[in-house]
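This report covers one protein chain. The model comes first, and the description follows.

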Amino acid sequence: MLYQYAPDKLAGVTQWKWRLLAFVALAIAWQIVAAVIGNVKIWPDLRHVFENSIPEIALFGGAADAQWGLSLETIGMHTLYTVVRIIVGLTFGGVLGLVCGFAVHFFSYTKSANKRLLDIIRGVPLFALIPLFLFWFGGNEQGILAYIVFGVAVVLATNTYEALCNVPSSYMHQARLLGANRVQVFSTVYLFAIQPQLSGGLRNVIGLAWAFSLGAEYLSANSGLGYLVYQSYLYADMGKLAAFAVLYGVLGTLSFYLSKLLLSRMQSWQPEI
């Protein structure tokens, strides 16, 4: 048994070593570029980022001076605002996207028109619609949530429709031969057959939800990570922008692995290949 599991453990250790080396190489490259440019407004070195840029985020939360503790508190509070908006957007947008995807596929009388409408909507750059939502809702909280819900729904409706189209017709024929009615075919064939492809779409849309929230909060919100990014842009502080880019990367990675864990448990019926 020891011989069987040792290679896997060694492989895991090796991967972590390579990842650590990649981070070290990236930090060194950052420092080299900062030294060559020599302008902290354009490309600050890591010392300036940790000693000045990050502590000064506390000022966006109403603090009187720059402090690491107050800065982390400000980041945590605004992250919570963004996470709540993303959860609401994913919940309502996910349900709406699934319903629309099924409707486009199963309403045979208007299927062609529904598909054309879906193609038109998903062909429009979603970020180009932010000013439209800003005009409609006046930059209030409902507009931010509506935009996230809309973006999630469009992406998930497309993935749902494509997943349904990829279900082999032989599955339905076999179910009908075994005596299944339409409801049983839907609940025992379609809902299970689309899960492998739809799970990938769900993981992608969770990552895109961070981008949707950033776009909506950047233009109109008074709270959230997008608001902090906008304030950093107004102050022309590249150090803060870089810090928030890293934060978005970490949060996106964590949400990806969390969604992967949850979806794998939902698909425990599926045999491993």
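The text below treats confidence, overall build, nonpolar cores and aromatic pairs in turn.

This is a predicted model, in which local features need pLDDT of at least 70, side-chain atom pairs count only at pLDDT 80 or more, and totals for chains, interfaces and linings use all residues. Residues are numbered from 1 along each chain as its sequence is written, and side-chain values use heavy atoms, with hydrogens and water left out.

The predictor's confidence in each residue, pLDDT, runs from 0 to 100. Its mean over the chain is 82, and 89% of the residues reach 70 or more. Among the elements, helix H3 (residues 68-106) has the highest mean, 91, and helix H4 (residues 111-123) the lowest, 70. Over residues 1-5 pLDDT stays under 50, and the model has zero contacts there beyond four places in sequence; a contact means heavy atoms within 4.5 Å.

The chain has 11 helices and zero strands, where helices (H or I, at least four residues) and strands (E, at least two) are DSSP runs numbered from the N terminus. Of its 273 residues, 34% are buried, that is, under 20% relative accessible area (exposed is over 50%, partly exposed in between; 1.4 Å probe, protein chains only). Among contacts with a separation of 6 or more, 67% join residues 24 or more positions apart.

A nonpolar core is a set of buried Ala, Val, Leu, Ile, Met, Phe, Trp, Tyr and Cys residues joined through side-chain atoms within 4.5 Å. The largest one has 28 residues, of which Leu126, Tyr147, Phe212, Leu225 and Phe244 touch the most other members. Elements giving two or more residues to this core are H3, H5, H6, H9, H10 and H11. Apart from it lies another core, of 13 residues, including Phe102 and Tyr190. Phe244 touches Ile57, Ile75, Leu225, Leu228, Val229 and Ser232, not counting residues up to four places away in sequence. His78, in helix H3, is buried at 4% relative accessible area, and its contacts, counted beyond four places in sequence, include Leu225 and Leu228.

Rings of Phe, Tyr and Trp (its six-membered ring) pair if their centres lie within 6.5 Å; planes under 30 degrees apart count as stacked, over 60 as edge-to-face and the rest as tilted. By this rule there are 12 aromatic pairs, two of which are tabulated.

| Pair | Centre distance | Plane angle | Class |
|---|---|---|---|
| Phe133 and Phe150 | 5.7 Å | 45 degrees | tilted |
| Tyr218 and Tyr230 | 5.1 Å | 80 degrees | edge-to-face |

Phe133 lies in H5 and Phe150 in H6, so their pair ties together parts 17 residues apart in sequence. Phe133 is buried at 10%, whereas Phe150 is partly exposed at 26%. Phe133, Trp136, Phe137, Tyr147, Phe150 and Phe212 form one aromatic cluster.
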